[in-house]
Amino acid sequence: MSLDLLLDQWKTDKTIRNNIVYWHKIPPHPGQYCSFPDNVEPALRGALIQQGIRQLYLHQYQAFQYVQENNNILITSGTASGKSLCYNLPILNHLMRYPYACALYLFPTKALAHDQAYKLNSVLKEIPQFQNDQIQKHYPFIGLYDGDTLQSHRQVIRNHSRLIFTNPDMLHFGILPNHPQWERLFSNLDFVVIDEIHLYRGVFGSHVANLIRRLKRLVKYYGSKPIFILTSGTISNPVQFASQLIEEPVKNVAEDTSPKGERNLLFYNPPIINPEFGLRAHPFNEAKEIVGDLLRHHSQVIVFATSHRAVERLLIELRQSPELNFDSNREQSIQGYRSSYLPQRRRQIEQDLKKGIIRVVITTNALELGIDIGELETAILVGFPGSIASTWQQLSRAGRKNQTSLGIILLTSNPLDQYISRNPQYFLQRSPEQPLIDPDNPLILLRHLQCALAELPFEESERFGNADVNLIKALLDALVYQKTAIFSSQQYFYIKSTPPQTFSLRTNSYTNIQLICEDEGKPKILGMLDRETADRLVHPGAIYLHEGEPYQVLALDHERNVAKLSRTTVEYLTNPHQDSTINEFNPLEIKNIQNSFTSNNVLGFGDVTVTTQINGYSKVNWITHQVLERVALSLPPRTLSTKAFWLTLDKETVDFLREQGAWSAQPNKYGAGWTQQKALARARDNYRCQICGVVETDRAHDVHHKIPFRHFKSSEEANRLDNLITLCRKCHQKVELNLHIQSGLAGLGYAFNHIAPFFAMCDRNDLGIHIDPSFKWMDRLPTILIYENIAGGIGLCRRIYEIALELIYSVYHHIQQCPCDEGCPSCTGAVSENGIGGKTEALTLLKVLVGNE
């Protein structure tokens, strides 16, 4: 009842209500139940009754019936709808009847596997047949087989366990390469469960699809043909995606017949505190007030943040917040949680959440999965998670059967968040993302083909899943040419002495970086990061936050895969600077944008090779976010061959904007001493243009500020002679035009980069951006290029290319509706380095593109 009272208070509290841009209610609905099927074993039925399960939801009954008919099934009912019983019931029933039958359970994380094994063991304890087997034969019925499994336990699991709980990584590294040791499992494998398939997208999903190809190939070799049972969160076209993942038809169990209480979804937009620059209150400040209210009303809260750093910063601020002074045990009751915490620490946090010891947990998407953390009432999302599917998954972590629950999307100044604040109905009505994978991506396919070859020889005409036979033969022949394989007696054989299963399924990285800190003279492992993430978060000099404590990075050793850190008390954060270069450029498709005066502005799609490099970082004040210092840095460059979309302005557009004066410089008031300083600058430069060298004649040359005037607090500082340069009128116009072009492109690129993922139905981290006012590959014309952060690409940029005009119109209307004057973090970014806000210039450019000049 306390949550209901708080919601009533918020409806009348203007400090809260005025910031709620939309209040969406999802009404409650009762459950639909049915009896256990007649063919469920009595002992299994009795065990479930002992667990308080006296009847099934209708969708659980339907799943059981589909499996009995030997169908592959996909379960897409909602969170907390009993999805695990949908697969455990038919599998346990089958294993009770066939004493040698086995099942393989694939979970995306070790934590989820351990959680599900713990819950299933509570059922197995009530079944005498399974309990007696475990006691008499001294083996675990459920074998947890992952990187943490002791060597002494592994052989017991291989030889005796009938339910193998593992993850894709262990299947890749440990099980398939050693398949002769798993002959018992593969010869009797009747079921494969793949949980949370919505996570298998992009690079990870493309790897997993090939991993399943390898699994099915080996299972066929050992004479089995398992039924696949898959579960998924909210995604678009789930049946199509599931079929693509396992390359077999599936039947969908979609209807959620479990009971649900009323759900309140609030879109909360922090108030504007600086109208001129469109600056809003920081969402962390709003989060502190909201969390304080919720704790006072005895609500247990999960807070999702969009990055590791955000989790740690919010953890510190909540623990130190005066709003929570009533909680004297904040160090214990408020905790962070993320994947780079050590496993033992994560397990402890999960248990403390279930026990109610922890009242607030701040997490990344690491708790988005179905790990049992008890029944929470409230979920707060600080920032849009990057996809509609993730948003619904995170919101669904709160909610008890038949009781009111609350979800709050606490919007940031990010353009995508602000787009949602103006279009909440668009968000609510939009279909969730369809996970994109490309199992036939040549780089990924080649790696897994090499693994499959090492596991079993390939017949000359053998298929590998649904991959093109000619492509498979070409890749196998390439391995022969590289002396990785030989071809003999109509078969291909792997001949290398080293196993090929050394690459990561989850990233393009082959290795992880260990984070090590000296603790009382002894090295302590804080966690691990993949190499690309490490370059951004633990470069030399970086401030890394871990469990609310700041650490400074002393060194990043790529050869030893180690980052050395030490505790620090500095009061600043660090933000990396990344530079990008397009080394290769191969257009595949090009089309022109039709508008009122020129049809030569280009939209393109094609292959590119991008080199990125961390070349420095900024020290940023913890509280004010002011840049304190910029530090140069040089980390090894990284090269990526991928797909890209681009927008290029033609020369007519640039000339048109210049002739119309749309991008001409606006006069500034340079202070009382400006005339004198201008004369001194011209005299110092011998009245000669410092670009073209022309000497003044009838008209005095212009004087230009090297660092823009608006970057200084006083005119005296801005008008120092060392900040002034003499330019002729023609050169001055070119310089100003270039600055405005750069500003317009930067502002437009900023908005594109943030809003495009919403239209491409992907995560923002899946895309990168390159902005060039003189792009050498397109006749030195201004270009914005968006590329996929995935080797070879998986179709994201093709999707952007196909809906580019819709995206351009949406970006235009979003920037146009932003209440700021010159650009802000919510539209085109803060005032740019060249001193121009970017909003006016970006809007001018967009008006031309949409035919509204």
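At the start of α21, which residue has a side-chain oxygen that reaches to within 3.0 Å of the backbone nitrogen of N470? The legend for close-up A has the answer. Keep in mind throughout that this is a predicted model.

**Close-up A. The two ends of helix α21.** The residue in question is D468: one of its side-chain oxygens comes to within 3.0 Å of the backbone nitrogen of N470, right where α21 starts. From there the helix takes in residues 469-481, 13 in total. Going from the first C-alpha to the last covers 18 Å, close to the 18 Å you'd expect at 1.5 Å a residue. After the helix comes K483, and its phi is positive, near 65°.

**Close-up B. The buried and exposed faces of α21.** Look for I472, L475, L476 and L479, which are buried in this helix. These four sit on the same side of α21, because they cover an arc of only 100° around the axis. What packs over them? The cover on the buried residues of α21 includes α20 (442-455), β19 (458-459), β20 (485-488) and β21 (491-494). Flip to the face turned away from that buried side, and you'll find the exposed residues N470 and Y481. N470 is also the residue whose backbone nitrogen D468 reaches at the helix start.

**Close-up C. A seven-stranded open sheet.** Read across the sheet and the strands come in the order β1-β11-β18-β17-β14-β16-β15, with mixed pairing. The edges belong to β1 (20-26) and β15 (334-337); each has a single partner strand, so one side of each has no neighbour in the sheet. On average, neighbouring strands here are turned by 15° against each other, ignoring direction.

**Close-up D. The β1 edge and the helix lying across the sheet.** The pairing of β1 with β11 (residues 263-268) is antiparallel and runs over six bridges. To get your bearings, find I26, which stands opposite R263 in β11. Then pick out helix α1 (residues 2-12), lying across β1, β11, β17 (378-382) and β18 (405-410). Relative to β18, α1 runs at about 45°.

**Close-up E. N719 in its loop.** This asparagine is found in the loop that links α25 (715-718) to β32 (724-727). Is N719 buried or exposed? With a relative accessible area of 4%, N719 counts as buried, since the cut-off for that is under 20%. Who touches N719? Setting aside neighbours within four places in sequence, N719 is in contact with Y670, W674, Q677, H705, F709 and L724. L724 falls within the residue range given for β32, 724-727.

Notes: Residues are numbered from 1 along each chain as its sequence is written. This is a predicted model: local features need pLDDT of at least 70, side-chain atom pairs count only at pLDDT 80 or more; totals for chains, interfaces and linings use all residues. Side-chain values use heavy atoms; hydrogens and water are left out. Buried means under 20% relative accessible area, exposed over 50%, partly exposed in between (1.4 Å probe, protein chains only). Contact means heavy atoms within 4.5 Å. Two strands pair if DSSP finds at least two bridges between them. Axes are lines fitted to C-alpha atoms, for helices over the stretch in contact, and angles run from 0 to 180 degrees between N-to-C directions. The expected span of a helix is 1.5 Å times one less than its number of residues. The arc is that of the directions from the helix axis to the C-beta atoms. A polar contact is a pair of N or O atoms within 3.5 Å; within protein, one must be able to donate a hydrogen and the other to accept it, and residues adjacent in sequence count only if both atoms are side-chain atoms.
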